[in-house]
Amino acid sequence: MLSDARLAELDGFILELNRASAAVILPLFRGDHGIENKSTTRHYDPVTLADKGAEAEIRRLIGEHYPDHGVIGEEMGEDRPDAEFVWVLDPVDGTRAFVAGLPVWTTLIGLRFQGQPVLGSIGQPYLGEVFVGSQAAGSRLVSAAGERPLKVRTGLPLTSAIIATTDPEACFNGAELGAWRQIRAAVRLARLGCDAYAYAMVALGTLDLVVEAGLKSWDVEAAVPVIEGAGGLVTDWTGAPIGRHGGQMAIAGDRAVLDEALVALKRAAT
């Protein structure tokens, strides 16, 4: 069992990792970021010096402070993925937004303990924000203005909800796109292109539902403790807990909103 004292120690370290990665990334944002296309197909899959440099710095610090911990990262692969503690990293989630100069990319840092996500952060250093949390200790926003607790919005029907996804035309297959369109037709407002920053907005209580598909573990794992610590839910499209897996995902603040959305999502669940 992870003690409160150990969790607090690791919480402080995850903030240190956010500061260190921000120091690498910010000088490259809206500058010469050395973009490359790492795709071998017609699909555009950009990577920058910020992605690579930030992950290298995070890994260096983990190795220095916790040499027995494992690491899984989008850019540099796996190192002891079966260790008791494993860090799961996406140094720049939303690289397309990053290269477009839009401040909705984030740094995702998650921590597994005995195979389960227990601590996570969603950092947006250009805006000076780190959303950090755990189910055990709750979630909070850390910024230059100080700290404030995070709490999801509840009590609204789906018809009053604000929802988001990244790019439905590019990220959803035919059945998934049909499910998205059915949900979108029912809600008050939908926003596109916010990547993992949308997850943070669910925790903050300004968005009610985020629907995504085709995710890897590093795309979602850091968000699970933040959302759950703020009182929200993270499931797959059948309604089952997503745990440390990617694939199809729904993040919701309110159980009733999620249940209404699942009526459509279950039809396209894989």
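Reader: What does the side-chain oxygen of Thr-48 reach at the start of H2?

Author: In this predicted model, that oxygen comes to within 3.1 Å of the backbone nitrogen of Ala-50. A polar contact is a pair of N or O atoms within 3.5 Å; within protein, one must be able to donate a hydrogen and the other to accept it, and residues adjacent in sequence count only if both atoms are side-chain atoms. Local features need pLDDT of at least 70, side-chain atom pairs count only at pLDDT 80 or more, and totals for chains, interfaces and linings use all residues. Side-chain values use heavy atoms, without hydrogens and water, and residues are numbered from 1 along each chain as its sequence is written.

Reader: How many residues does H2 have?

Author: H2 has 17, residues 49-65 (helices are DSSP runs of H or I, at least four residues, numbered from the N terminus).

Reader: Which residues of H2 are buried?

Author: Ala-50, Asp-51, Ala-54, Glu-55, Ile-58, Arg-59, Leu-61 and Ile-62 (buried is under 20% relative accessible area, exposed over 50%, partly exposed in between, with a 1.4 Å probe and protein chains only). They lie on the same side of H2, because they cover an arc of only 165° around the axis, taken from the directions from the helix axis to the C-beta atoms.

Reader: Switching to loops. What is phi of Arg-80?

Author: Near 50°, a positive value in a residue other than glycine. Arg-80 sits in the loop between strand E4 (77-79) and strand E5 (85-93), strands being DSSP runs of E, at least two residues. Arg-80 is partly exposed, at a relative accessible area of 40%.

Reader: And where is Arg-30?

Author: In the loop between helix H1 (4-25) and strand E1 (36-37). Phi of Arg-30 is near 60°, also positive.

Methods:
Expected span 1.5 Å × (residues − 1).
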